[in-house]
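User: Could you take me through one part of this predicted model in some detail? I'd like a close look at a single side chain and what sits around it.

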Amino acid sequence: MSTPLVDQFTRARSQIDNDFFNQGIAAQPASPPPLPQVGPQQRRNGETHYPRQMANHEDLALLRTARDLRQHVLLGGPPGCGKTASVEAAFDSLFDPATSPGLQTLIGTAETTVGDLLGTYLPDRTPGVAPGTFTFVYGPLTIAVAYGLPLLIDEITLIDPGILSALYAVMDGRPHLLLPGTDIPPVPVQPGFCVFATYNPDAPGSILSEALASRFAHHWQVGTDWDLALELGVPPEIVQVARNLDGQRLDRNNGLLASPQLRDLLIFRDQVPQFGVEYAAGTLAAKAAPENQDQILEAIQMIYPMASITRLGGRYGR
Ligand SMILES: Nc1ncnc2c1ncn2[C@@H]1O[C@H](COP(=O)(O)OP(=O)(O)O)[C@@H](O)[C@H]1O
Ligand SMILES: [Mg+2]
């Protein structure tokens, strides 16, 4: 129904909506400028690590700033896409191995124990120490807390949630780390301690509990940078195949739980001149989970028709 009164009301109403909307836009604070760049880093294995984009910042700069603010960072993504490498690249060069234990690391599994995090009593074999003496050897969490270092926990979602509660108190800001069952006094948490963790959401047994997720101020979804793969000399045809397969994996409709990522492509690149393109392509398919092998081999055969799963044959030269 349209009457002058209703029209007037509608106009007034839409003016209020507009004002609110405009105010809402105007109320957005301006984005801060990008953080100062860290730049390409030399990895311990001699490789160059190239920083990536996260929002309008460089990922390595953001990781370092997160540490300064003790805002823990969780990176999720398929194996081999660059999660661990980014954290190592952000922190390795900050510490001189001669004077600092540097970035602390732990690879999580379903069998990880509280002792793997905090430390355990081990037989002390130092010359002059009485046989049968046990000494408490600090675990990576205790070293990171005591020396104010970043701690990288790879595959954190494979660790039993009950075990992780040993970590939560210090992540939440408790000023001391307790070492239950020892006579060691609480260890003060030093500035510089911060947790960086990676996980693969599709790994069997991966559990990202709310308790775990909520402790991380930053959640990054990581995937392979296909342009970087090209820049690193991976043949464009295989990059395209991997990229297509990755799209199918992300679709989640066709049962593909894993597909070749940057690590696999770099191995392919290195194998081609050594062993030939068909062998390298066969390896790429052979490393896939059995239920995905046919699908991945089929995609690879579109560009390398002679590729087949790398199966060991009979006696050489027969
Ligand atoms: N930004 C990058 N620059 C150069 N090489 C990279 C980069 N990210 C990853 N890589 C390469 O890819 C490999 C796999 O990355 P990694 O971090 O180990 O994977 P993830 O932890 O996700 O399983 C690394 O060993 C490195 O050779
Ligand atoms: Mg990793």
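Analyst:
**Around Arg67**

Let's start with a polar contact: the side chain of Arg67 has a polar atom 2.9 Å from the backbone oxygen of Gly148. Keep in mind that this is a predicted model.

Arg67 itself belongs to helix α2, which covers residues 59–68. What about its charge? Arg67 is buried but makes no salt bridge. Asp68 is the nearest side chain of opposite charge, and it is 5.0 Å away, so it misses the cut-off of 4 Å for a salt bridge.

Now for the company Arg67 keeps. Setting aside neighbours within four places in sequence, its contacts include Phe91, Leu94, Phe95 and Phe196. Gly148, Leu149 and Pro150 are also among them, as are Gly192 and Cys194.

Gly148 comes right after helix α5 and has a positive phi, near 65°. Helix α5 spans residues 140–147 and is mostly covered, with 6 of its 8 residues buried. Those buried residues are Pro140, Leu141, Thr142, Ile143, Ala144 and Val145.

Cys194, another contact of Arg67, is worth a look if you're thinking about disulfides. The whole structure has 0 of them. For Cys194, the nearest cysteine sulfur is that of Cys81, 20 Å away, so the pair is not within the 2.5 Å that a disulfide needs. Both cysteines are buried: Cys194 has a relative accessible area of 0%, and Cys81 has 1%.

Conventions:
Residues are numbered from 1 along each chain as its sequence is written. Chains are lettered from A and ligands numbered from 1 in the order in which they are written. This is a predicted model: local features need pLDDT of at least 70, side-chain atom pairs count only at pLDDT 80 or more; totals for chains, interfaces and linings use all residues. Side-chain values use heavy atoms; hydrogens and water are left out. Buried means under 20% relative accessible area, exposed over 50%, partly exposed in between (1.4 Å probe, protein chains only). Helices (H or I, at least four residues) and strands (E, at least two) are DSSP runs, numbered from the N terminus. Lys and Arg count as positive and Asp and Glu as negative; His and the chain ends are not counted. A polar contact is a pair of N or O atoms within 3.5 Å; within protein, one must be able to donate a hydrogen and the other to accept it, and residues adjacent in sequence count only if both atoms are side-chain atoms. Contact means heavy atoms within 4.5 Å.
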